[in-house]
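Here are some comments on the model you sent, set out as numbered points. They cover the open and enclosed spaces, the nonpolar cores and a few single residues.

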Amino acid sequence: MILYVTYWLILLLLGRPSSVSRGIGKYSTAAAAVEDPITPSVTVDYTKLLINGQFVDAASGKTFPTLDPRSGDVIAHVAEGDAEDVNRAVAAARKAFDEGPWPKMTAYERSRVLFRFADLIEKHNDELAALETWDNGKPFEQSAKIEIPMLARFFRYYAGYADKIHGLTVPADGQYHVQTLHEPIGVAGQIIPWNFPLLMFAWKVAPALACGNTIVLKTAEQTPLSALYAAQLLYEAGLPPGALNVVSGFGPTAGAAVASHMDIDKVAFTGSTDTGKIVLELAAKSNLKTVTLELGGKSPFIVCEDADVDKAVELAHFALFFNQGQCCCAGSRTFVHERVYDEFIEKAKARAAKRVVGDPFKGGVEQGPQIDSDQFEKILKYIDYGIKGGATLETGGERFGSKGYYIQPTVFSNVKDDMRIAKDEIFGPVQTVLKYKELDEVIKRANNSRYGLAAGVFTQNIDTANTLTRALRVGSVWINCFDVFDASIPFGGYKMSGNGREKGIYGLKNYLQVKAVVTPLKNPAWL
């Protein structure tokens, strides 16, 4: 069964909100954010570092709090790893790669471990989903019905690839037998973000293990809990000691130690563009390890003049507000043709005003809190930039409720390309709507960004769709859909949105070396 995230699936699973009207009412769920948070039906069992198959304290003995974004209260204190702990984790991973059974297993045996892990994910679906929502703030129904099933799907996808990785026999000029070997790269350092902790765990860990590598994974300090739980299940599935090591900690300490470590052979990072530059620099200055980067975005969502406005409004709303707007490929620059612009604005602000905001453990909630106080304050600052910069605030723009990091779904119209809200990655529930007149004009404006991660196009004209698909300088273009993340579809960016691709067959290439082997032939019957 193919699982993917797209607007229509969200509607099916979470239930469609009431129909869009032109009027803007008050937020009918305002009380939801100020009620006492619902107690999750899961306990936090894993808070230590996972090194060489064992949960251990940080070498320093330090811990840090991970917070509930619904209230700012402490969920648990987690071991704070630093450079010394990364050294321990790398030593375990190196020994597991050089001496341990994981790369020496048959590919079929490795695949069986990954398939067993996928089965355990499904068995523990609700516990994983509850930890993800508690630590991150995304709706529980999104975690339980979409993201955790996708986690299992990704591991099954790469488990199926494990015994299908092979080289080639290559013809050469002369009497030689030439073959290529596709070998595991060694110890992979992986740094994952807080917005999709378990999905990013899957995107990185699954292909690396399928290829026979060992791993040192650094979790985001905001969301360490679900990855620790998932990693424990991987060991329960039969992963040998040291093949996966998980270090929780902060970027300047643990993250920098991973990026600069001389005995890590490859680094994969998902996060902001500015941090990606640091990771790339540290990797280059250490042992010139290979790096894949999935970074920021300011993705255009283009509504053409032939659009069905009601459908375009719904899809543009999903493209921006999904996951509290905390999505690197969010359709955060909504370009609308002048012919339908006014109608679109009226319906977009009405739809935003009807968005259900509240405790993410409550059924029917579409939007939970932002991840933490820093992100909360950043978003409110950008809303202020929009107002002071001359954009029209159509709805929202303020804190939602009085407790936790909730923000009203916000829509700006009359946005100009040079405004900060149109250029910078806000990473929150703020929709900016820009007007355009001609197709060539919107292509130039859409491409006039340092980012190039994704784009959405809404049109009924196949010629228009084809023109935009080829003209937009981005890694993914969704035509009349958005956020389709099937395991087989590669994902990555152009320009300052990163380099390399994750998912699909392209994701395997990040974790393989290619070796050419040449042998002379004596009196060959054929060449």
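1. The largest pocket has a lining of 48 residues, and those nearest its centre are Trp194, Gln222, Gly271, Ser272 and Thr275. Two or more lining residues come from each of strand S3 (63-67), helix H8 (251-260), strand S10 (266-270), helix H9 (273-285) and helix H12 (373-388). H9 contributes the most, with six residues. Please keep in mind throughout that this is a predicted model.

2. The volume of this largest pocket is about 1200 Å³. Sorted by class, its lining holds 24 nonpolar, 13 polar and 11 charged residues.

3. Enclosed spaces are a separate matter. The count of cavities of 30 Å³ or more is six. The second largest cavity has a volume of about 130 Å³. Its lining is made of 15 residues, with Phe196, Met200, Trp203, Cys327 and Phe485 closest to the centre.

4. Which helix gives the most to the lining of the second largest cavity? Helix H6 (residues 197-210) does, with three residues. By class, the lining of this cavity divides into 12 nonpolar residues, two polar and one charged.

5. The largest nonpolar core has 107 residues, and the members that touch the most others are Phe155, Phe201, Leu244 and Phe344. Helix H5 (residues 140-161) gives the most to this core, with 12 residues. Another core, of 27 residues, lies apart from it and includes Ile379, Val415, Met419 and Val430.

6. Leu244 deserves a look of its own. With residues up to four places away in sequence not counted, Leu244 touches Leu50, Phe201, Val205, Ile215, Leu217, Ala231, Leu234, Tyr235 and Leu239. Both Leu244 and Phe201 are among the core members that touch the most others.

7. Two residues should be checked for their backbone angles. Most residues other than glycine have a negative phi. Gln324, not a glycine, has a positive phi of about 65 degrees. Gln324 is in the loop between helix H10 (309-321) and strand S13 (333-337). Is Gln324 buried or exposed? Its relative accessible area is 0%, so Gln324 counts as buried, the limit being under 20%.

8. The second case is Asn523, which also is not a glycine and has a positive phi, of about 50 degrees. Asn523 belongs to the segment after strand S22 (512-520). Its relative accessible area is 76%, and because exposed means over 50%, Asn523 is exposed. The two residues thus fall on opposite sides of the scale: Gln324 is buried, whereas Asn523 is exposed.

9. The last residue to examine is Thr432, located in strand S16 (residues 430-436). Thr432 has a relative accessibility of 0% and therefore counts as buried. What lies 2.7 Å from a polar atom of the Thr432 side chain? The backbone oxygen of Ser332 does.

10. Thr432 has further neighbours. Leaving aside those within four places in sequence, Thr432 is in contact with Ser332, Arg333, Thr334, Phe412, Val415 and Ile421. Of these, Val415 is also one of the members of the 27-residue core.

Key: Residues are numbered from 1 along each chain as its sequence is written. This is a predicted model: local features need pLDDT of at least 70, side-chain atom pairs count only at pLDDT 80 or more; totals for chains, interfaces and linings use all residues. Side-chain values use heavy atoms; hydrogens and water are left out. On a 1 Å grid over the protein atoms alone, a cavity is a set of points where a 1.4 Å probe fits but cannot get out, and a pocket is an open set with protein on both sides within 12 Å along at least five of seven lines; lining residues have an atom within 4 Å of a point. Grid points are joined across faces, edges and corners, and a volume is the space filled by probe spheres set on the points. Helices (H or I, at least four residues) and strands (E, at least two) are DSSP runs, numbered from the N terminus. Ala, Val, Leu, Ile, Met, Phe, Trp, Tyr, Cys and Pro count as nonpolar, Asp, Glu, Lys and Arg as charged, and the others, Gly among them, as polar. A nonpolar core is a set of buried Ala, Val, Leu, Ile, Met, Phe, Trp, Tyr and Cys residues joined through side-chain atoms within 4.5 Å. Buried means under 20% relative accessible area, exposed over 50%, partly exposed in between (1.4 Å probe, protein chains only). Contact means heavy atoms within 4.5 Å. A polar contact is a pair of N or O atoms within 3.5 Å; within protein, one must be able to donate a hydrogen and the other to accept it, and residues adjacent in sequence count only if both atoms are side-chain atoms.
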